[in-house]
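Subject: Handing over the structure

Dear colleague,

I am passing this structure on to you, and below it you will find what came out of going through it. Please keep it open beside the text as you read.

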Amino acid sequence: MKRIKTEEAKGFPFHYPSNASVVTSAHEGKRNCIAVSRHAWFAFKPPMYGVGIGSNKHTCELIRGSGEFVVNWLPFDWVTTIAACGSKSGRDVDKFSEFDIETSDPLVVSAPVLNGVYAAYECRVESEHSVGDSTWFAGHIVAVHYDEEVFDETLQMKKLNPILWLSRETYAKADNPRIFRVDRRALTVEEM
Ligand SMILES: Cc1cc2nc3c(=O)[nH]c(=O)nc-3n(C[C@H](O)[C@H](O)[C@H](O)COP(=O)(O)O)c2cc1C
């Protein structure tokens, strides 16, 4: 291994892959969808999820206006949908009609859930945090959607390939993954 050390953090793909998602939002008759790799589980009690959105993005206005968002996770077959949601601003086009993105009804919030998701979190914004050029929205998860055929405590990656994004235009599909159970106390490793 040849490790580089540098104080230059311009374009830093080193922490990827990320399970890329589509965040949907809706406000005053407008709705939008955006590709989002910056998302994280913020808290267990209450269940909180966070998304990091560029402060100049159209999505930022809609989430701030409505106080709601939905995080949608799609199988790898939908990779071009993710790329499409990250290709244009909803200020200029209706990405749902331009890219034939079909939606279904949410349970609690007003932002749509994408058809084809294997999981989605409906969130109500509890707080927002300005961080550099971005805004992080911390959302209380008020409803979840999931495909019970691909979850058994955890996502069954032998049944479903998530969309792993490696930054820029590069994605990875984990075909035939090997899955392990690692006991955190005994430090034993068992292939499942
Ligand atoms: C795979 C992927 C991941 C992305 N992740 C983010 C992200 O986490 N946050 C963000 O603000 N933009 C992200 N982008 C860029 C936005 O999706 C893109 O700028 C989008 O067109 C903005 O849409 P909007 O103006 O309609 O909100 C990502 C793009 C791609 C393709």
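Helices (H or I, at least four residues) and strands (E, at least two) are DSSP runs, numbered from the N terminus. The model is a predicted one, in which local features need pLDDT of at least 70 and side-chain atom pairs count only at pLDDT 80 or more, while totals for chains, interfaces and linings use all residues. Residues are numbered from 1 along each chain as its sequence is written.

Let me begin with two unusual peptide bonds. Tyr16 and Pro17 are joined by a cis peptide bond with an omega of about 15 degrees, and Pro17 lies in the segment before strand 1. Another cis peptide bond, with omega about -5 degrees, links Lys45 to Pro46, the latter lying in the loop between strand 4 (39-43) and strand 5. Most residues other than glycine have a negative phi, and most peptide bonds are trans.

Two glutamates also deserve a look for their backbone angles. Glu28, in the loop between strand 2 (21-27) and strand 3, has a positive phi near 45 degrees, and Glu28 is exposed, since 8 other C-beta atoms lie within 10 Å. (A residue is buried if 20 or more other C-beta atoms lie within 10 Å of its own, exposed if 12 or fewer, and partly exposed in between, with C-beta atoms placed from the backbone.) Glu153, in the loop between strand 11 (151-152) and strand 12 (154-155), has a positive phi of about 70 degrees; Glu153 is exposed too, with 5 other C-beta atoms within 10 Å.

Turning to the sheets, two strands are said to pair if DSSP finds at least two bridges between them. Strands 1, 13 and 14 form an open sheet in the order 1-13-14, with antiparallel pairing. Strand 1 (18-19) and strand 14 (171-172) stand at its edges with a single partner strand each, so one side of each is left without a neighbour in the sheet. Strand 1 pairs with strand 13 (residues 164-165) over two bridges, and Ser18 stands opposite Trp165.

Elsewhere, strand 10 (residues 134-146) runs antiparallel to strand 5, with seven bridges joining them, and antiparallel to strand 9, with twelve bridges. His140 in strand 10 is the bridge partner of Met48 and also stands opposite Arg124. Strand 9 and strand 10 form a hairpin with two residues between them, and Gly132 in the turn has a positive phi of about 55 degrees.

The largest nonpolar core (a set of buried Ala, Val, Leu, Ile, Met, Phe, Trp, Tyr and Cys residues joined through C-beta atoms within 7 Å) has 33 residues, and among those with the most contacts inside it are Val22, Phe69 and Leu74. Its largest share, four residues, comes from strand 6. Leaving aside neighbours within four places in sequence, Phe69 is in contact (C-beta atoms, placed from the backbone, within 7 Å) with residues including Val23, Ile63, Cys123 and Phe137.

Finally, the ligand is surrounded by 22 residues (each with its C-beta atom, placed from the backbone, within 6 Å of it), and the closest are Arg38, Thr59, Gly86, Ser89 and Gly90. Strand 3 (30-36) is among the elements that supply at least two residues of this shell, and the largest share, four residues, comes from strand 3. The shell divides into nine nonpolar, ten polar and three charged residues, where Ala, Val, Leu, Ile, Met, Phe, Trp, Tyr, Cys and Pro count as nonpolar, Asp, Glu, Lys and Arg as charged, and the others, Gly among them, as polar.

With best wishes

Definitions and conventions
Two residues are in contact if their C-beta atoms, placed from the backbone, lie within 7 Å.
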